[in-house]
Amino acid sequence: MRKPTIKICRRKEWLTTPSYWCRPGGNDPQSCVLPGATLILFILPRKTIPVNKLWLILNYHFYKTILMQLLLRGAGLAFILISLASCKNNTSVAGGDAALAAFSADGLGKHIATLSSDDFLGRKPFTAGETKSIAYLQQQFAAVGLEPGNGSSFLQEVPMVNITTTAAPTMQVQSAKGNFDLKGLDDYVIWTDKTDTTVSFSNDEVVFAGYGVVAPEYNWNDYAGLDVKGKIVLVLVNDPGFNAGDSTLFKGKTMTYYGRWTYKFEEAARQGAKGCLIVHNTIAAAYPFKVVQNNWNTSRLHLDERGKDKKYSDVIGWISGEAAKKLVIAAGFDTTLFARADKPGFKGMPLNIKLNTTIKVKAQYNKSYNVIGKIKGTKYPDETIIYTAHWDHLGIGAPDAKGDSIYNGALDNASATAGLLELAHGFKKMDTLPERTIIFLSVTAEEQGLWGSAYYAQNPVYPIAKTVANINMDGLNWYGKTKDVIVLGKGQSDLEDILNEEATKTGRYLAFDTHPEAGYYYRSDHFNFAKVGVPALYISSGTDVIGKEKGFGQKQVDDYTKLNYHRPSDEYNGTTWKLDGAIDDLQLLFKVGRRLAFGHTWPAWKDGSEFKAIRKL
Ligand SMILES: [Zn+2]
C-alpha cells in the first residue's frame, strides 16, 4: 500500500478539472485516476454550489452517497472524500492536456487532402489505390511512433475474392396476364457472391415474403407456411415497425438488424431460396435507387470463404418500387399488397410469376489488408481498446456529369482515417502511456460489405474476450463546431454513458440519430465487433452548429447525402471545410478511450440490446 497523500481542491479547480474525479464505479480503486492522491479534501462554500450541480459534476453513486450525508448533516464548509488507498500516482490528466493539444485541424486536413487526392485513385482494394493507401498509413503509424499491431507487421492479410458480374441486359417476366421484360439497371440491379461461372433465374417462381423476416422475439415469421425452396423471394426493405409507424412493432421507426439488406439475403439463403429481390423504397432504405445502381455489373469483394456455408442466395439484388408494382399487378394484386405486409398475421404468397435471366461471373482471389498499429498497455497489455476507421472507398467508376470518374471519398472515409492518425498522435503525446493497449485499426473493404472488420472480428489479432471496446468512426464533421454529438444506436452500451459524461464536461450534449430508420448502427465496421459481443460506440457529427441558424447543420448533412455520398464529388476542399468541430469530436473520443485505458472497468451492453447475450467475459 502506498503512503497516503492529501490533496486539497478548491471549488474553481474542482469545476474546471473534472477529470480529477474517479470514474463511474469509482469505488473500485483500480479505476481511480486522481493524480497522486489517496485522501482528497474539497473545501467549498456550501451556499454557492447548488446540490444539483454537484450531481451533474459527480454523478457517481459512491460520492453521491457521501456528499448527500454530509450535506444533510449541514457540514457546510468541508467535504471529505476518501479515495481508497490504492488510488495510484498517475499523471494521465496532465498528460491528457498535452495529448489534447496534439490534435490539430491542420494536421487532420493534410491527411484528408492526401488520402482523398486523385493520386490515391479512390482507394479501392486490390488496386494501385490500395497500395498507396496502406503504404501511407504504415508510414504515418510508424512516424507517430505506433508499434506494429500484428506481430512485427502493421498489416493483417484479408483473403478476399473479387467477383465481377455481368448480368444480361433484361429479365423476362412470365405471368398469367402476359409476358414482358424488365430492364437491368433501370428496373432492377442484381448480383451474386457465387463463384460459379454462371448463375441464373431459369423460369423460377416468385414468392412474396413480406419483409423476409424471422424474428422470434417479436413473434414474427414472414416465411411461416411459405414454400420458397429453389424459388425467388420478393421482400420489402426495412422492417414492419417502420412502415406501420407503430412504435410497439419491432422498434418502430428505429431500424433493427432485420431491416438491413444483408439480413434479407442471409435469411433468404437460410430458407433455401434461390434468389432474393428487395423492393426499393427511398425512405425505407434511406438512400435513393441511384446508390443501388452503383452495383450494376460491377466488381464486388467478399471474404474468401471457400469451404464454408453458403451465406446468400444465388442471385440477389434490388428491384425498383415501380418495377415491383408491375410484378404485383401482373400477379393480379393491387398495390396495397405491400402496405398490408406490415400487419401482424400477414401471410405472403406465390405470385404465379416466373423470372428468367442470367449473370456471368468471374472470380479472382486476392488479398487486401487491414492496417493495424498499437500502443502497448503498461499494466494490462492483454486488454485492448480498438479504434477503427475504414481506409477504402469506391475507386474509379462511372463518371459524373463533369466527367470525373475518381470516387475520392474525402468524407467517406479519408476524414476518419485521418482522424485515426490524429488519435494515435494524441495518445502518443500523453505523459503517461495507457495501462491498457490501444489499437488503431484501419480496415479494408467496408464499402463492399464491411469485410475488413468482419475478417478481423472472425480472426482477431487480440482476443475478443479481452477486447474492452470498439470506437468506430466513419465520416467526420466538415462544417464547424457543434454543441451536440450524435450517438448512432441509442441505448446500446455503457460507452454511451461515458461519452455523455465526457461531452458534458466541455458543455456539449448527446443527441440521437434523427434517421433511426436508416439503421446506421448496422452500417459500419463497429457492427462486426457488436456481432461478436464487443461493446461498440459509433457517433456521427452533431448538427447544432455553434453560431449558425437552426437547421444549418442538418442541411449540410442532407446536402452531402443528396449530392456527394458515394459520388465522385465527395472531395476535400481546404477552403470550405471547417475541421474544428471534427477536432472536438476526436478529442471527445480520445477521452472516452483514455478513461477505458486507465480504468479497469468493462463496459457492457445495455438491457434490450440485441448484442447483450453474445458478450461472455
Ligand atoms: Zn464509410
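**Figure 1. Crossing of helices H15 and H18 in the predicted model.** Helix H15 passes helix H18 in a right-handed crossing. The axes of H15 and H18 (residues 580-597) come within 9 Å and cross at roughly 120°; the two helices are therefore oblique to each other. On the H15 side, the contact is made by Leu495, Ile498, Leu499, Glu502 and Ala503. These residues meet Leu588, Lys591, Val592 and Arg595 in H18. By class, the residues of this contact divide into 6 nonpolar and 3 charged, with no polar residue.

**Figure 2. The β-α-β unit that contains helix H15.** Strand S22, helix H15 (residues 495-505) and strand S23 form a β-α-β unit, and this unit is right-handed. The pairing of S22 (residues 484-487) with S23 (residues 509-512) is parallel and extends over 4 bridges. Within S22 and S23, Val487 is placed opposite Phe512.

**Figure 3. Antiparallel pairing of strands S22 and S24.** Strand S22 is joined to strand S24 (residues 536-541) by 3 bridges, and the two strands run antiparallel. Here Val487 stands opposite Ile539 in S24. Val487 thus appears in two views, opposite Ile539 of S24 and opposite Phe512 of S23.

**Figure 4. Packing of helices H5 and H13.** Helix H5 (residues 105-115) packs against helix H13 (residues 410-428) at an angle of about 135°, and their axes are 8 Å apart. H5 and H13 are therefore oblique to each other, since oblique covers angles that are neither over 145 degrees, under 35 degrees nor from 65 to 115 degrees. The crossing of these two helices is right-handed. From H5, the contact includes Gly107, Leu108, His111, Ile112 and Leu115. Their partners in H13 are Ala410, Ala414, Ser415, Thr417, Ala418, Gly419, Leu421 and Glu422. The residues of this contact comprise 7 nonpolar, 5 polar and 1 charged.

**Figure 5. The cis peptide bond between Asp412 and Asn413.** The peptide bond that joins Asp412 and Asn413 is cis, with omega of about 10°. Asn413 lies in helix H13, the helix that packs against H5.

**Figure 6. Backbone of Phe126 in the loop after helix H5.** Phe126 belongs to the loop between H5 and helix H6 (128-144). The phi angle of Phe126 is near 75°, a positive value in a residue other than glycine.

Key: Residues are numbered from 1 along each chain as its sequence is written. This is a predicted model: local features need pLDDT of at least 70, side-chain atom pairs count only at pLDDT 80 or more; totals for chains, interfaces and linings use all residues. Axes are lines fitted to C-alpha atoms, for helices over the stretch in contact, and angles run from 0 to 180 degrees between N-to-C directions. A crossing is left-handed if the near helix is turned anticlockwise from the far one by less than a right angle, and right-handed if clockwise. Two residues are in contact if their C-beta atoms, placed from the backbone, lie within 7 Å. Ala, Val, Leu, Ile, Met, Phe, Trp, Tyr, Cys and Pro count as nonpolar, Asp, Glu, Lys and Arg as charged, and the others, Gly among them, as polar. Two strands pair if DSSP finds at least two bridges between them. A crossover is right-handed if, with the strands pointing away from the viewer, the path from the first strand over the helix to the second runs clockwise.
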